Amino acid sequence: MLQVDSVRFAYARDAVLDDVSFAVQRGTIVGVLGPNGSGKTTLLRLLAGIITPSSGRVTLDEVAVAAFGRRELARRIAVVPQETYATFDFTVLEIVLMGRYPHLGPFELEGASDLAIARDALAATGTVALADRLFSTLSGGEKQRVVIAAALAQSSDVLLLDEPTASLDVGYQLEIASVLGRLNRDRGTTMVVSSHDLNFAASICKELVLIRRGRVIARGPTADVLTREHVRALYDVDADIAFNARAGHVTVIPVAHAG
């Protein structure tokens, strides 16, 4: 459904991404992993149509993302950025209702159906009790769940999440992983998640794309891609990798810098 074909992107002469290709099938979660500066955020911006490739194509259901109008594309793809700032003191419900904007006509206000969709998104992310709270008063984990709810309220086909657990403590990381896993399992939500957290990705992603210095070094099912050799190539570290029965997925323990 979402296809990246031989994509290159460069600022001036410096290539940020080079010859990147992979596909995202409907109903799956694909993790884009790589160290800081590897091009993950740029790739998500390309998928979202915020920027266009220097060469190659990004397509959604075989139509170039660049060919969609902004409002039309927002009905198909929703984005959860690394950080969200509210300029004014909006309530949580108001923040989530903003996700309905692509579905409203000029000067049209949200109706009963939009409110129902927003409340359903709050329920799906466990944030109903926060509806009347000011967004600015929330904790980091609460804010992230609310932003995910706003993206869900967009009723889009694809959800793009850029480092959704960045700056969150371990408890909130597990909470966000649980929310995303449940949305995929119960609603069939298609997601592309960028991260540098290998264990977070292993817990929710069915497939992985590993990127270093703007190039794909491996892609495929998580169990096949998350190997010692690939972790070493990606981060220059030696790691122990094993299936953890309690966690229900493979876990990665960095041991030492690769010699």
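The expected span of a helix is taken as 1.5 Å times one less than its number of residues. In this predicted model, helix α5, which comprises residues 140–153 and thus has 14 residues, reaches 20 Å from its first C-alpha to its last, close to the 20 Å expected at 1.5 Å a residue. Of the 14 residues of α5, 12 are buried, so the helix is largely enclosed by the rest of the structure. The buried set includes Gly141, Glu142, Gln144 and Arg145, and it continues with Val146, Val147, Ile148, Ala149, Ala150, Ala151, Leu152 and Ala153. The elements against which the buried residues of α5 pack are β6 (77–80), α3 (92–97), α4 (112–124), β7 and α6. Just after α5, a positive phi of about 55° is found at Ser155.

Strand β8, formed by residues 190–195, is likewise mostly covered, with six of its six residues buried. Both of its faces are covered: on one side Thr190, Val192 and Ser194 are buried, and on the other Met191, Val193 and Ser195 are buried. Strand β3 (residues 29–33) runs parallel to β8 and is joined to it by five bridges, and within this pairing Ile29 stands opposite Met191 in β8. Strand β7 also pairs with β8 in the parallel sense, again over five bridges, and here the residue standing opposite Met191 in β8 is Leu159. Between β7 and β8 the chain passes through α6, and the resulting β-α-β crossover is right-handed.

Two further positive phi values occur in loops. Asp61, although it is not a glycine, has a positive phi of about 50°, and Asp61 is located in the loop between β4 (55–60) and β5 (63–64). With a relative accessibility of 33%, Asp61 counts as partly exposed, because this class lies between the limits of under 20% for buried residues and over 50% for exposed ones. Glu163, also a residue other than glycine, has a positive phi near 50°, and its position is in the loop between β7 (158–162) and α6 (170–187). The relative accessible area of Glu163 is 7%, and Glu163 is therefore buried. The loop that holds Glu163 thus leads from β7 to α6, the helix through which the chain crosses to β8.

Notes. Residues numbered from 1 in each chain as written. Predicted model: local features only at pLDDT ≥ 70, side-chain atom pairs only at ≥ 80, totals over all residues. Heavy atoms only, no water. Helix = DSSP H or I, 4+ residues; strand = E, 2+ residues; numbered from the N terminus. Buried < 20%, exposed > 50% of the residue type's maximum accessible area, 1.4 Å probe, protein only. Pairing = 2+ DSSP bridges. Right-handed = clockwise from strand over helix to strand, strands pointing away. Contact = heavy atoms within 4.5 Å.
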